[in-house]
Amino acid sequence: MSSENNDNDLNISMVNVQSLSTNTRFKFIKEIYGYDTYKLYQMYEKTSIKLVRLYSDLNYLYECRSNNVIPKFLRFSLANPELANTRCYWKCQTLLLKEEINSKKYKIKYMSGVLENLYNELFNIFPDFILHKINDIVSELQSKEDKVKYRTHRRKFNKLIGYRLIEQQQQVDRDRLLNDHPMNQVITNNTDNGITIAQPNQVIKDNTNNNDNTTAQPNQVINNNTNNNDNTAAQPKLVWNLSNRRLTEDELHLLENGLSYNRLRKIDRSEVISNVEYLFYQASGIKKEETDFKKWDQDPDSHSDKEIRTLEPRQLSFAADLKSATTKFFNEAQGLIRRKKNFNQWYEDELLSNLSKDTAIVITKPDKGRGVVIMNRADYVRKLEQILSDGTKFELLDKDPTGSRETALTNLLRAIQNDNYLTKQEYWYIKPVGSIPARLYGLPKVHKKNTPLRPIVSCIQSYNYRLGKFLAGIIKPIRNSTYSLKNTDSFIKFLKENSSLSIHKMISFDVESLFTNIPVDRTIDIICYKLYDTDPKLNPVIPQNYFRKLLEYATKRNHFLFNGKYYDQCDGVSMGTSLAAIFAEVFMANFEEQHISRLLTNGSKLLVWRRYVDDTFIIYNDDVDNGGINKKDLHLLLNTFDSCIKFTVEPGVDNPIPFLDVLVKRHSTGFETTVYRKPTTTKLMLKWDSLIPTSYKRASVYALVNRAIRICSTFDLLHNEFIYIRSMADFNGYPSNFVQNIINKQLDKFYQPRPPANLFPPPPSNTINSYKYIQIPFIGTPSYKYGKTLKSIVQQLNPMTNIRVIYTTINETRRYFPTKDKLKPAQKSGVVYQISCNDCDSTYIGKTIRQAFRRYNEHEKDVVKASLVFMKRSSLVKEKKRTTQNTNRAHGRIQKIVSTQQVRKSARILNQQLKHQSQQHLDPLDVSYYKPNSALGKHAFKTRHSIQFTDVKILKQEHVPYKLQIKESIEIRSKQPKLNGTDTSVPLYVFPEGHLSLSTNQQ
C-alpha cells in the first residue's frame, strides 16, 4: 500500500501542476485521481456555486425588505384588483417574504454542512499544493457567479423601486387633483378692502414690515430673522432655525420627524423587573403592611421585622408564570434589536447625541402647533431674563427655599389637622415630601415679531403642587360664570342657538398676558368673599384665616429655578401652576359681573359676550345712530374698566373670525363654521414609521375626524376638511385605507340612527372589577405579545382583576434636548443612592423618598458622631494608661507621686462616673453605650475610615415608595455592597436573584 502511494506521488511530481486551471480542472483530476475523485470534486464545486447563489438571493431579499418592496415572484393575482391596495394584501406579501427569507437561511445552513463534509473528504485525498490550487479555482468561479447574480438582482431591484416611484407619483397626482377641488377653500378676510382665498395647504401670513401677504406652504420652514424681523420661506419644512448653527441635511431630516418621533433602543431590564415585582405585589393577594421607611434607612441591620412571607402554591405558580413571560420578552427584545437596529439607526442616534452636545443652541417645540425650533441659547436666556427683570412680578432669591418652605407648610398643615379641620387622608395628600423646585422654560412664538417666548413653570413635584390641586377642588364651584365657555362643543351649541344674531358684526378680543397680570391679593379676596359670605353651602370646613394662608402658600410663595438662579413670583400666576387657570377664571368672572353685565343690560352696544379663559367672542351693534358702538370705541371702553388687564384685537378681521379652533363666518341666515388652523400650523403629526403603539396613531386620526364632524356646519366644508386630513395623514406616511376606515366608522357613529335605549336595564352587579396598571417599554410586536400574556396570567389568578398595560416610549427625539434646568443630585428625591468609603472599597446602597440632601445629612451626622466617640474613647484609653504608669506599688499599698499636681482618678472610679453620666443622659457621646444609627456610622466607628459624601452616585429614581424599595433590592443584589446589613430591602418574589441570572444567561 505504501508503494502505491509513493508511485502516485511520483506521478504527480512528473505532471506539470501549472497545467491545472479552470479549463483543465476536470481532466486533470480525472486522469490523476480517478473517476470517483472527479465526481466528488464536481459535487463540491456545484455545492459551492449553489451556496453563493443562496447568499446572493438572501441579500436581495433583505434589501427588498428594508426598502418595503416585494419581489415579483412573491406577488399573486386577485380576483378583485381593488384589494391589492389593502393592508391585508400587504401583510400577506410581507409574510411570504419573511417565509422566503427563513427558507433561504435553512438552505444555507444545510448546504454549508454538505460543503464542509465534501471539503473534508477532498482534504484527505489531495496534497496541500493541489488543494490550495483547487481552492483558488473555486474562489474564482464563486466570484464570477456572485457578480452575475448581483447584476441580475440589481436590475430587478431597480425595476421594483421604479414601479413604486410611479405608484407614489400617481398618488401625488390624485391628491393634487383632490386639493384643487373648488370646494377645498378656506375663506380668510385678511384685509379691510377685500377677501383673500387661501387653499388648505397655504397660510396667509402677515408681514410686519410692509403689511403685505406672504404665503408659505405647510411643508416649509418659516425662518424668522431677528435682524430684520422678516418672515421668509427660504428653508426646508417643519423646522424653524433661528440660531447661528447650520444644520446638515441628515440633521434636518431627523428633526423634521418632530420631537415625539421614537426609535428602537435597548430596554432597561431592571425597570421592567421592578414593574413586574410591583404587579405581583398588587395582584397576588399578599397582605400589605405598613412600613416605617425612615427606621429602615437608619438601621439596615435590624431586618427581623421586615417583610418575610411564605407564598401559597397559587402565588408561587403566578410568580413563575410572570418570570417565564418576562424572560421570554427579554429574549425576543434582544433578538429584535439585533435584527432591526441597523447602521442607519445607530447613525441617527449618534447625530442626535452630537447635536445635543452643542451648548450654544436650544432645541424645543413652538408655542403653537407641531414642529421644531432651534434658537441660540444666549437669545433664549436673554428673552426669559428680560421677562424676569420685572421687579413688580418677580424677585431674585439668594438660595433655594424649597426645604424651608416645605417645613413651614408642613407645620401649618399639622396645626390645621390638630384643630380637626383636615382629615388624615387630606393631610397626607397635601403634606409635601421629597419636593423639588419648580423650573421655568419658554416656548417660542414663531408667528410673532422678534419671536418672543411664552414662560411656563413646571410645578410637578413642587412643595405646593398638591396643595394647589386640593384648593382647586374647593374653589371649583365659583370658577365659572354665565359668560364662560367650557369647550368648543359649547361654543358650537351657542352659535346654533343664536343664529338670528348673525346679521350683526362679530369681533374677538384677547386679554394680553392674563396669567402674569392677575392681581393675586384681590383675587384671594374675591375667592374668600364668594366662599364665606355669599352662600352657606359653599363654606369650606377650613376657617377663613387658615384658608387664606393656604392660598398664599399656593400662589404668593411660588419659587422656581432658571439658569441656575432662584426666583420668587411676587404677583400674578404662572402658566403651569396648579391654581393658574382657576385664578384666571375667578378674576375674569368677577370682571364680567361688574362691567360686562352692565353693557349687556343697559343698552344695545353688546349683544353677546362669551369667553374661554383669555379669548372672547363678541357680537355687537355697530349702528352708532341707534345706540350702537364701533369697534375702536368698544376696544377703548373695555380697556378703561380695569388697569390690570388689557384687551387686544387683531386688526382687519371681522368676518370670518377665528375663535378657539373654529373659523366663524356669518350669513344672513346663520353662522357657518369650519376648522381653523393657525398660520404656523404644519401637517406634522405622529409619524407612521415611528415606533409608537398603533392605538396612539389611531387616536390622533380619530381626534382630527371627530373635530371635523363636530365643527363643520355643511357637508361641503366637511368634505374639504376630510381631504385635508387625508393629505395630512399621507404626508406622515399613513395608509389611505387606515384613514378612510376611521372616517367611515365615525360618520356611521354620528349620522346613523341609534337603537332605542333598553327600557328594562339589567340590575347592577355587586362585583367590583379592580384595575392594576403596569408599564411596558414599547419595542413593537414583542411588547404586544408580552402585554397580552400578562393579562392572561393575571386573569387566571383572579378573573375579577383587569390589567391595564401602558406602553411607554424609550427613545423619543425630545429626550436628547431637555429645556428645563438640571437638578443637582442632592436636590433629587425618591432615589436609590450609593455611598463609598474613602479608605477601602466598601460601599453602601440606600434609598430615600425625601430629598437626597436630607438623607445625606443624617448619614454624615452619624459618621461625624461616630468619629467623635472614637476619638473620645482613644483619649480615655490614653488617660487610663497614664494612670497605670503613675501608680507605684510599695508595701502592698498604692502610693501617689509627689510631683502630681492634680489628683488623678483610677480607672475604676472613672468608669463609675461615666456610667453614672450615661444613666443621667448628660453626655451624648457615651463610649460604653454608644451605637451608630446607620451602616456608614458603624463602619466609621469600627474602622475610623472617612466616608465620601461629596460624590454620591444616584443609581435609580422612583416616587412610588414600594417600587423604590424594589429598585433598591435589585441594586443591592446586583452590586452586592459590603456595608449593607441585608441582601434586599423588600422580598423579590418573581426574580429573587435580581437581574444577575438574566445577564449571566446572556453572557
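## A hairpin to start with

Strand 20 (residues 662-666) and strand 21 are joined by five bridges and run antiparallel. This is a predicted model, so take the details below in that spirit. Two of the pairings are easy to pick out on screen: L663 has T674 of strand 21 as its bridge partner, and V662 has V675 of strand 21.

The two strands make a hairpin, with four residues sitting between strand 20 and strand 21. Have a look at G670 in that turn, where phi is positive, at about 160°. As for strand 21 (residues 671-675), four of its five residues are buried, so the strand is largely enclosed by the rest of the structure.

## The sheet around the hairpin

Zoom out a little and the hairpin turns out to belong to an open sheet of three strands, ordered 19-20-21, with antiparallel pairing. Strand 19 (657-659) and strand 21 are the edge strands, each pairing on one side only. On average, neighbouring strands in this sheet are turned by 30° against each other, direction ignored.

There's a helix here too: helix 21 lies across strand 20 and strand 21, and runs at about 175° to strand 21.

## Helix 21 and its partner helix

Two packed helices are described by the angle between their axes and the distance between the axes. For helix 21 (residues 694-711) and helix 22 (residues 715-731), the angle is about 165° and the axes are 9 Å apart. That makes helix 21 roughly antiparallel to helix 22. The crossing of helix 21 past helix 22 is right-handed.

Which residues make the contact? From helix 21 they are L704, V705, A708 and I709, while helix 22 brings in L718, E721, F722, I725 and M728. Sorted by type, the residues of this contact of helix 21 with helix 22 come to eight nonpolar, one charged and no polar.

## Another three-stranded sheet

Further along the chain, another three strands form an open sheet, this time in the order 25-24-28, and here the pairing is antiparallel. Strand 25 (843-851) and strand 28 (947-957) stand at its edges with a single partner strand each, so one side of each is left without a neighbour in the sheet. Neighbouring strands of this sheet are turned by 35° against each other on average, again ignoring direction.

Between strand 24 (residues 829-837) and strand 25 there are seven bridges, in the antiparallel sense. If you want one to find by eye, try S836, whose bridge partner in strand 25 is T843. While you're looking at strands, remember that in a regular strand the side chains alternate between the two faces of the sheet.

## One threonine up close

Now for a single residue in another part of the chain. T37 is located in helix 3 (residues 35-66). Is T37 buried or exposed? With a relative accessible area of 9%, T37 is buried, because anything under 20% counts as buried.

Leaving aside residues up to four places away in sequence, T37 touches I29, I125 and F126.

## The whole protein

Stepping back, the secondary structure adds up to 29 helices and 28 strands. The protein has 1003 residues, and 44% of them count as buried. Looking at contacts between residues at least 6 apart in sequence, 71% join residues at least 24 apart.

Terms used:
Residues numbered from 1 in each chain as written. Predicted model: local features only at pLDDT ≥ 70, side-chain atom pairs only at ≥ 80, totals over all residues. Heavy atoms only, no water. Pairing = 2+ DSSP bridges. Axes fitted to C-alpha atoms, helices over the stretch in contact; angles between N-to-C directions. Parallel < 35°, antiparallel > 145°, perpendicular 65-115°, else oblique. Left-handed = near helix turned anticlockwise from the far one by under 90°. Contact = heavy atoms within 4.5 Å. Nonpolar A, V, L, I, M, F, W, Y, C, P; charged D, E, K, R; others polar. Buried < 20%, exposed > 50% of the residue type's maximum accessible area, 1.4 Å probe, protein only.
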